[in-house]
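Reader: I have a structure open and don't know where to begin. Can you walk me through it?

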Amino acid sequence: MSTPKPTESAATPADPAPVDTRDALEVLESEAKEWDKDAEIDRILKAFRLNAYAVLGLKPGAPESDIKNLYRKKSLLIHPDKTKNPLAPDAFDRLKKAQTELMDEKHRARLDEAIADARMLLMREMKLTVDSEELKTPEFEKKWDEKTVFVLVENEQRRRRQMKAQLQEEGREQRKQEEELEQRKKKRQHEEDWEKTRDQRIDSWRQFQKGKNGEPEKKKKKLKPIG
């Protein structure tokens with residue numbers, strides 16, 4: 001007898017198709033990038049804006065090459081065209097301003113001086129020397145940042161007072177110049193008016209002299225002797 005052939009219904013089930021996880025990975029990577037962008041935007045907006053180093057996330061005294069490279073990296077990360085975060089434009093403007101200030105030699109020199117002053121003041125308050133181990137601690141770094149904020153705020157207030165006084169002085173000087181200009185204008189107008197009436201005054205004087213000289217001389221009455 002021949003062996004019966006297996007029916008089609010008895011066929012072995014096919015292996016399940018492999019699951020494509022590429023889309024899920026792309027979504028996770030995209031979310032991670034957005035999180036990085038949001039975190040950097042938040043950091044920039046919370047940084048003390050008078051300290052350009054803090055806005056860029058650099059240590060004081062960083063070389064220009066580090067400033068340029070870090071700005072390029074961060075500006076590409078948080079560019080408003082590359083993120084949906086509504087705060088991106090404000091953060092991008094602050095980042096650009098900080099980079100511009102640090103690339104300005106005079107501004108960077110004033111900032112470095114203020115940061116150095118803050119460190120010196122803090123060392124005096126804490127009675128520390130340049131060899132003190134406390135200078136290397138995170139606690140000192142934190143206090144230094146706080147003292148830097150204090151010094152920068154004081155410098156900014158002093159700058160504004162000086163600017164206000166300068167503007168007031170310039171205003172007084174401007175008013176003085178305007179008054180002098182007005183006085184010269186009046187004097188010049190008076191001289192012009194006087195010159196315009198010169199011929200008329202001369203004619204009037206001539207007429208007066210002519211009338212005076214042309215009058216018939218009055219005869220004097222002889223006084224009769226009394227008695």
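Author: Start with aspartate 112, which touches Tyr53 and Gly61 when residues up to four places away in sequence are not counted. Touching, or contact, means heavy atoms within 4.5 Å. This is a predicted model, where local features need pLDDT of at least 70, side-chain atom pairs count only at pLDDT 80 or more, and totals for chains, interfaces and linings use all residues. Residues are numbered from 1 along each chain as its sequence is written, and side-chain values use heavy atoms, with hydrogens and water left out.

Reader: ok, where is aspartate 112 found?

Author: Aspartate 112 is in helix α5. Helices are DSSP runs of H or I with at least four residues, strands are runs of E with at least two, and both are numbered from the N terminus.

Reader: Is aspartate 112 exposed or buried, or what does it count as?

Author: Aspartate 112 counts as partly exposed, with 29% relative accessibility. Buried is under 20% relative accessible area, exposed is over 50%, and partly exposed is in between, using a 1.4 Å probe and protein chains only.

Reader: And how many residues apart are aspartate 112 and asparagine 51 in sequence?

Author: They are 61 residues apart in sequence, and their C-alpha atoms are 9.7 Å apart in space.

Reader: Zooming out, how many helices and strands are there in the protein?

Author: Seven helices and zero strands. Buried residues make up 20% of the 227 residues. Of the contacts with a separation of 6 or more, 59% are between residues 24 or more positions apart.

Reader: Back to α5. At what angle do α4 and α5 pack?

Author: Helix α4, residues 88-103, packs with α5 at about 90°, and their axes are 5 Å apart. Axes are lines fitted to C-alpha atoms, for helices over the stretch in contact, and angles run from 0 to 180 degrees between N-to-C directions. The two helices are therefore roughly perpendicular. Angles of 65 to 115 degrees get that label, under 35 is roughly parallel, over 145 is roughly antiparallel, and the rest are oblique.

Reader: Which residues make the contact?

Author: Glu101, Leu102 and Met103 of α4 meet Glu105, His107, Arg108 and Leu111 of α5. By class, that contact has three nonpolar, one polar and three charged residues. Nonpolar covers Ala, Val, Leu, Ile, Met, Phe, Trp, Tyr, Cys and Pro, charged covers Asp, Glu, Lys and Arg, and the others, Gly among them, are polar.

Reader: What about α3 and α4, at what angle do they pack?

Author: About 170°, with axes 10 Å apart, where α3 is residues 64-78. That makes α3 roughly antiparallel to α4. Residues in the contact include Ile67 and Tyr71 of α3, and Phe92 and Leu95 of α4.

Reader: New topic. Is glutamate 40 buried or exposed?

Author: Glutamate 40 is buried, at 10% relative accessible area. This residue is in helix α1, residues 22-46. Leaving aside neighbours within four places in sequence, glutamate 40 is in contact with Lys74, Leu77 and Ile78.

Reader: How many residues does α6 have?

Author: Helix α6, residues 138-196, has 59 and reaches 85 Å from its first C-alpha to its last, close to the 87 Å expected. The expected span is 1.5 Å times one less than the number of residues. Its buried residues include Phe140, Trp144 and Leu152, and α5 is one of the elements covering the buried residues of α6.

Reader: Last one: what is phi of lysine 127?

Author: Near 55°, a positive value in a residue other than glycine. Most residues other than glycine have a negative phi. Lysine 127 is in the loop between α5 and α6 and is exposed, at 74% relative accessible area.
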